[in-house]
Amino acid sequence: MTTALLLINVQRNMLEGETPIPRAASVAPALRSLLDHARAAGAPTVHVHDDDPAGQPDAPHPHGWGPVFRVLPWEPVVRASGPDAFSGTRLASILQELGVHRLVVAGLRSEDRIAATGHAALRRGFDVVIASGAHTTTHDRTTGGAAVIEAGTEDDLSAAGAKIIDADTIHFDCSP
């Protein structure tokens, strides 16, 4: 069962600079570690970039919109304009071409991008793993902040059938 890493919205404007998201300092190293482990195992990695409309924080622009981590030439980049990275993109066909059956989902905007893409992947029959500790919100809108949002996203996806696994313990299997 081939496992792929799906990095969602791991973009400079959210993890670096003068105004990073609330938990950037803890999530960025977890994302880096996941990416390093996936690459070392030879697991496919797909990068999803958010293409918000002009005037929004994630609208394509030269400063800040690009990826935090270098994208290798063979790693697909999917440009999504909504919460579900499968909707209106080639993500499903890319994963099918790569022979992926299991997705490790990590990145930013737990409450919408991670949640919507996780649910969409489950509906498409993928085994979904949410990398706990390697996803977070870009906002701190609730009592308890980011931790409450992350936990709520994990509870919701777990109830739908996703596995929630500590990012530090995820292994990438690339066998067919």
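Where is the place of R109? R109 is found in the loop between β4 and α4. In this predicted model, R109 has a positive phi of about 75 degrees, although it is not a glycine. The relative accessible area of R109 is 13%, and the residue therefore counts as buried, the cut-off being under 20%.

## Overall organisation

The protein comprises 5 helices and 6 strands. Along the sequence these elements follow the pattern β-α-α-β-β-α-β-α-β-α-β. The protein has 176 residues, of which 51% count as buried. Considering the contacts with a separation of 6 or more, 78% are accounted for by residues 24 or more positions apart. About 8,000 Å² of the protein is exposed, and carbon and sulfur atoms supply 53% of that area.

## The sheet

The 6 strands form an open sheet with parallel pairing, in the order β3-β2-β1-β4-β5-β6. At the edges stand β3 (77–80) and β6 (163–166), each of which pairs on one side only. From one strand to the next, the twist averages 25 degrees.

Strand β1 pairs with β4 in the parallel sense over 7 bridges. Strand β1 is also joined by 4 bridges to strand β2 (residues 45–50), again in a parallel run. L7 takes part on both sides: its bridge partner in β4 is A106, and in β2 L7 stands opposite H47.

How many of the residues of β1 are buried? The count is 7 of the 7 residues, so β1 is largely enclosed by the rest of the structure. From this strand, T2, A4, L6 and I8 point one way, while T3, L5 and L7 point the other way; all of them are buried.

Towards the β6 edge, 4 bridges join β5 to β6, and these two strands run parallel. V129 stands opposite K163 in β6. Helix α5 (residues 146–160) packs on the sheet and touches β5 and β6. The direction of α5 makes about 175 degrees with that of β5.

K163, which lies in strand β6, touches V128, V129 and I130, leaving aside residues up to four places away in sequence. K163 and S132 are 31 residues apart in sequence, and their C-alpha atoms are 9.7 Å apart in space.

## Nonpolar cores

In soluble globular proteins, nonpolar side chains tend to be buried together. The largest nonpolar core here has 26 residues, and those with the most contacts inside it are L15, L31 and L34. At least two residues of this core come from each of β1 (2–8), α1 (12–15), α2 (24–41), β4 (100–108) and β5 (127–136). Helix α2 gives the most to this core, with 8 residues. Another core, of 24 residues, lies apart from it; V46, V48, V128 and L157 are among its members.

Which residues does L15 touch, not counting residues up to four places away in sequence? L15 touches V10, P20, I21, A24, A28, L31, V68 and L108.

## Buried polar residues and backbone geometry

N9 is found in the loop between β1 and α1. Like R109, N9 is not a glycine, and N9 has a positive phi of about 60 degrees. N9 counts as buried because its relative accessibility is 1%.

R113 lies in helix α4 (residues 110–123). At 6% relative accessibility, R113 is buried, because the cut-off for that class is under 20%. The side chain of R113 is joined to that of D50 by a polar contact of 2.8 Å.

The following table collects the relative accessibilities of the residues discussed in this context.

| Residue | Relative accessibility |
|---|---|
| N9 | 1% |
| R109 | 13% |
| R113 | 6% |

## Summary

The predicted model has an open sheet of 6 strands with parallel pairing. Within that sheet, β1 is largely enclosed by the rest of the structure, and β3 and β6 are the edge strands. The nonpolar interior includes a core of 26 residues and, apart from it, another core of 24 residues. N9, R109 and R113 count as buried, and R113 has a side-chain polar contact with D50.

Technical notes: Residues numbered from 1 in each chain as written. Predicted model: local features only at pLDDT ≥ 70, side-chain atom pairs only at ≥ 80, totals over all residues. Heavy atoms only, no water. Buried < 20%, exposed > 50% of the residue type's maximum accessible area, 1.4 Å probe, protein only. Contact = heavy atoms within 4.5 Å. Areas by Shrake-Rupley, 256 points an atom, 1.4 Å probe, with all protein chains shown as cover. Polar contact = N/O pair within 3.5 Å; in protein donor to acceptor, adjacent residues only side chain to side chain. Core = buried A, V, L, I, M, F, W, Y, C linked by side-chain atoms within 4.5 Å. Pairing = 2+ DSSP bridges. Axes fitted to C-alpha atoms, helices over the stretch in contact; angles between N-to-C directions.
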